[in-house]
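Visitor: I am new to reading protein models, and I would appreciate a close look at one single part of this one. Could you take me through that part slowly and then show me how its surroundings are arranged?

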Amino acid sequence: MSPTEESPFKGKTGLRRLINATGYSLDGFKAAWQHESAFRQVCLLALAGIALALWLPLPHWARALIVFAHFLSVVVELLNSAIEAAVDHTSLDHHTLAKRAKDLGSAAQLFSLINMACLWAFGLMNL
């Protein structure tokens, strides 16, 4: 395929593209829920954390940042799981670059969770 050619999987536009994209997104969510225990854990943490943030008498700015941090953590976990799946699809053999890719995804999630904890701390200090 030359650099100017489009993928044969592209081509849908407008409403059909939106419908297809929504279906692919739901398939991804379903696959993550079924196959990734870390994703389920982050989702349950988000449900509990968001519910608690909405229940506590937090300032509006703190509530918004905490909810955003929980959603961000779910997004980071989806990307981390995608990296892991792509690396494992390529090869299950041990390779330093494969390990690096997986470790970088894990580090991104760690920083996402640290960010969430910091925002919770700042929010709770303003109760």
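Guide: Let us begin at the surface of this model, which is a predicted one, where F29, W33, L44 and L47 form a nonpolar patch with about 420 Å² of accessible area together. Helix 1 and helix 2 each supply at least two residues of this patch, and L47, for instance, has its place in helix 2.

The next thing to look at is how these two helices meet. Helix 1 covers residues 14-35 and helix 2 covers residues 37-55, and their axes come within 5 Å of each other while crossing at roughly 105 degrees. Because angles of 65 to 115 degrees count as roughly perpendicular, helix 1 is described as roughly perpendicular to helix 2. On the helix 1 side of the contact you will find F29, A32, W33, Q34 and H35, and these meet S37, F39, R40, C43 and L44 on the helix 2 side. Sorted by character, the residues of this contact divide into 6 nonpolar, 3 polar and 1 charged. If you compare the names, F29, W33 and L44 take part in this contact, and F29, W33 and L44 are also members of the surface patch.

Helix 2 also packs with helix 3, which spans residues 60-90, and here the axes are 9 Å apart with an angle of about 175 degrees. Since angles over 145 degrees count as roughly antiparallel, helix 2 and helix 3 are roughly antiparallel to each other. From helix 2, the residues in this contact include A38, V42, L45, I50 and L54, while those from helix 3 include R63, I66, F71, V74 and L78. The residues of the contact divide into 14 nonpolar, 3 polar and 2 charged. F39 and C43 of helix 2 are worth tracing in the view, as they are listed in the contact with helix 1 and are listed again in the contact with helix 3.

Following helix 3 further along, you reach D88, whose side chain meets that of K102 in a salt bridge, at 2.6 Å from N to O. D88 lies in helix 3 and K102 in helix 4, residues 96-125, so the pair ties together parts that are 14 residues apart in sequence. The count of salt bridges in the model comes to 2.

Key. Residues are numbered from 1 along each chain as its sequence is written. This is a predicted model: local features need pLDDT of at least 70, side-chain atom pairs count only at pLDDT 80 or more; totals for chains, interfaces and linings use all residues. Side-chain values use heavy atoms; hydrogens and water are left out. Axes are lines fitted to C-alpha atoms, for helices over the stretch in contact, and angles run from 0 to 180 degrees between N-to-C directions. Helices (H or I, at least four residues) and strands (E, at least two) are DSSP runs, numbered from the N terminus. Angles under 35 degrees count as roughly parallel, over 145 as roughly antiparallel, 65 to 115 as roughly perpendicular and the rest as oblique. Contact means heavy atoms within 4.5 Å. Ala, Val, Leu, Ile, Met, Phe, Trp, Tyr, Cys and Pro count as nonpolar, Asp, Glu, Lys and Arg as charged, and the others, Gly among them, as polar. Patches are made of residues with over 30% relative accessible area and no salt bridge: like charges are joined within 9 Å, nonpolar side chains (Val, Leu, Ile, Met, Phe, Trp, Tyr) within 5 Å. Accessible areas come from the Shrake-Rupley method with a 1.4 Å probe; for residues, only the protein chains shown count as cover. A salt bridge is a side-chain nitrogen of Lys or Arg within 4 Å of a carboxyl oxygen of Asp or Glu.
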